[in-house]
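Dear colleague,

Please find below the structure that I am handing over to you. A description of what was found in it follows.

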Amino acid sequence: MPSPPLRYDLPIAGMTCASCAGRVERALGKVPGVSVASVNLALERAHVEADGVALDDLIGAVQKAGYEVPSQRLELAIDGMTCASCVGRVERALLKQPGVRSASVNLATERAHLELLGSVEPAALIKAVEAAGYHARPIEEGAPTVDAAARQLRRERRALILALVLAAPLVLPMLAQPFGLHLMLPAWLQFLLATPVQFILGARFYVAAFKAVRAGAGNMDLLVALGTSAGYGLSLYQWWTAHPGHTPHLYFEASAVVIALVLLGKYLESRAKRQTSAAIRALEALRPERAVRLVEGREEEVGIAELRLDDVLRVLPGERFPVDGEVLEGESHADEALISGESLPVPKRPGDRVTGGAINGEGRLLIRTTALGGESVLARIIRLVEDAQAAKAPIQKLVDRVSQVFVPAVLVIAVVTLAGWLLAGAGIETALINAVAVLVIACPCALGLATPTAIMAGTGVAARHGILIKDAEALELAHAITDVAFDKTGTLT
């Protein structure tokens, strides 16, 4: 019986529009052995199913397309190694796990240094080491890490505020003209205000555009870079060739405002992504970080990652169950609304199953661990929500096909616009401004982000209300529902 293909969920950095997602998909799909490649722009992740494909080949394909696969590091303490062959065995066991890019084990320090792609459960890595005949445990970090999405949002906000502050003096004279006020700033001051916006705050667009061109493709950043550079360059030309004492017609404010507005869009995108993933963060928050384990009648507080199957844990009234387990001693009730939606607590006695994340009622219980990490019910619920958010609705596939030709078509239209105005007898200034308008206005941000963001928002809101949606197609077809049948308790499965 053939083994099932391996599944990879790779984080992708640098995508800005639907054409980027399509380019990454095509690059991954060309790797021999890849059967499924699906990229979600809103989540910035690629889901890949492959057989006999090295992880580095997938990463190389993404990088060749002009994007990056960010990684994270994890250290595990390894017990039981005695020689170099032990090191090799542990490394091979870890490298077989999906999401592990590299594994380096040091015999002297008894530590494994891992480079991981995406979210990899430490429990799965520990299980792989134990299957190889050794013991592993995560090394506690000294301080908790700040949420990466929160850091990204703060960076976007700072860049946006600075761009607006610098662009505002350039726009105010234009807004004052209808009231008979002529407050045009001198050319040198406009240059000083617009240049940092163009080449410091707007550097991200040049970098992304260069990567796209190097990969033989175009994206939204290329349109922004070309459009704003044309306006900025035309302003420099007009300033340089102006007669002494004559105030030239400059367009520094246009390039600066366009960049500020696009940065505003980036900030709103980042905030939307963070808000739409709140459901998953809320589900993850239901898992306690520590548990009380009984060892030879003695209680010890340990991290969840240190637990093993069949460990005996103590759960006091009002506490959340740290893992899925079976009641060994005591009687109580459990609030399992997060699983079943039932508002009434469920009685628990020896032999009954309990679910990690549920709340213990009035009694003290001893439970035996039956599932850990990714095998727990709560982890499977989180994975279901993530899969639903990562899935593509049928309409998204149409959007992806359109976005593949969108940017080249816009570039062609801009060139035709430039040539048309010149042939009609207009000056280079008028022709260039109209061509720039085509480039800037046609940025396909909403085209690529609207559908995946809507799916994330819909599945997130549903998850917060106890409704778990299997895939994006089900969500898209839900508008056609006319009748819903409930059982006598009001529960719908």
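**A polar contact and its surroundings**

The side chains of Asp 311 and Arg 293 make a polar contact, at 3.0 Å. Please bear in mind that this, like everything that follows, comes from a predicted model. Asp 311 belongs to the loop that joins β9 (298–303) to β10 (312–315). With a relative accessible area of 15%, Asp 311 is buried, the cut-off for that class being under 20%. Apart from its neighbours within four places in sequence, Asp 311 is in contact with Ile 367, Arg 368 and Thr 369 as well as with Arg 293.

**The protein as a whole**

The protein has 493 residues, of which 42% count as buried. Its secondary structure comprises 16 helices and 16 strands. If one takes the contacts between residues at least 6 apart in sequence, 68% of them join residues at least 24 apart.

**The three-stranded sheet**

Three strands form an open sheet in the order β1-β3-β2, and their pairing is antiparallel. At its edges are β1 (6–11) and β2 (34–40), each of which pairs on one side only. From one strand to the next, the twist averages 15°. Six bridges connect β2 with β3 (residues 45–50), again in the antiparallel sense; within this pairing, Val 39 stands opposite Ala 46 of β3.

Two helices accompany this sheet. Helix α1 (residues 18–29) packs on it and touches β2 and β3. The direction of α1 makes about 165° with that of β2. Helix α2 (residues 55–64) lies across β1, β2 and β3, and runs at about 40° to β1.

**Two cysteines**

How many disulfides does a search of the whole structure find? The result is zero. Cys 17 is in no disulfide, and the nearest cysteine sulfur to its own, that of Cys 20, is 3.7 Å away. Cys 20 likewise is in no disulfide, its nearest cysteine sulfur being that of Cys 17 at 3.7 Å. Why does this pair not count? A disulfide requires the two sulfur atoms to be within 2.5 Å, and the sulfur atoms of Cys 17 and Cys 20 are 3.7 Å apart. As to accessibility, Cys 17 counts as buried because its relative accessibility is 0%. Cys 20 is also buried, with a relative accessible area of 0%.

**The six-stranded sheet**

A further open sheet has six strands, in the order β9-β8-β10-β16-β11-β14, with antiparallel pairing. The edges are taken by β9 and β14 (353–354); each has a single partner strand, so one side of each is left without a neighbour in the sheet. The partner of β14 is strand β11 (residues 324–329), and the two pair in the antiparallel sense over two bridges. Gly 325 has Val 354 of β14 as its bridge partner. The loop that holds Asp 311 lies between β9 and β10, and both of these strands belong to this sheet.

**Helix α4**

Which residues of helix α4 (residues 122–131) are buried? They are Leu 125, Ile 126, Ala 128 and Val 129. Seen down the axis of α4, the buried residues fall within an arc of 160°, so they line one face of the helix. Lys 127 and Ala 131, on the other side of α4, are exposed. Just after this helix comes Gly 133, which takes a positive phi of about 105°.

**Helix α5 and the loop that follows**

Met 174 is found in helix α5. Is Met 174 buried or partly exposed? At 44% relative accessibility, Met 174 counts as partly exposed, since that class covers the values between the buried limit of 20% and the exposed limit of 50%. Met 174 and Met 184 are ten residues apart in sequence, and their C-alpha atoms are 7.8 Å apart in space.

Leu 181 sits in the loop between α5 (148–176) and α6 (187–201). Its relative accessibility of 43% places Leu 181 among the partly exposed residues. Outside its neighbours within four places in sequence, Leu 181 is in contact with Pro 173 and Ala 176.

With kind regards

Notes:
Residues are numbered from 1 along each chain as its sequence is written. This is a predicted model: local features need pLDDT of at least 70, side-chain atom pairs count only at pLDDT 80 or more; totals for chains, interfaces and linings use all residues. Side-chain values use heavy atoms; hydrogens and water are left out. Helices (H or I, at least four residues) and strands (E, at least two) are DSSP runs, numbered from the N terminus. Buried means under 20% relative accessible area, exposed over 50%, partly exposed in between (1.4 Å probe, protein chains only). A polar contact is a pair of N or O atoms within 3.5 Å; within protein, one must be able to donate a hydrogen and the other to accept it, and residues adjacent in sequence count only if both atoms are side-chain atoms. Contact means heavy atoms within 4.5 Å. The arc is that of the directions from the helix axis to the C-beta atoms. Two strands pair if DSSP finds at least two bridges between them. Axes are lines fitted to C-alpha atoms, for helices over the stretch in contact, and angles run from 0 to 180 degrees between N-to-C directions.
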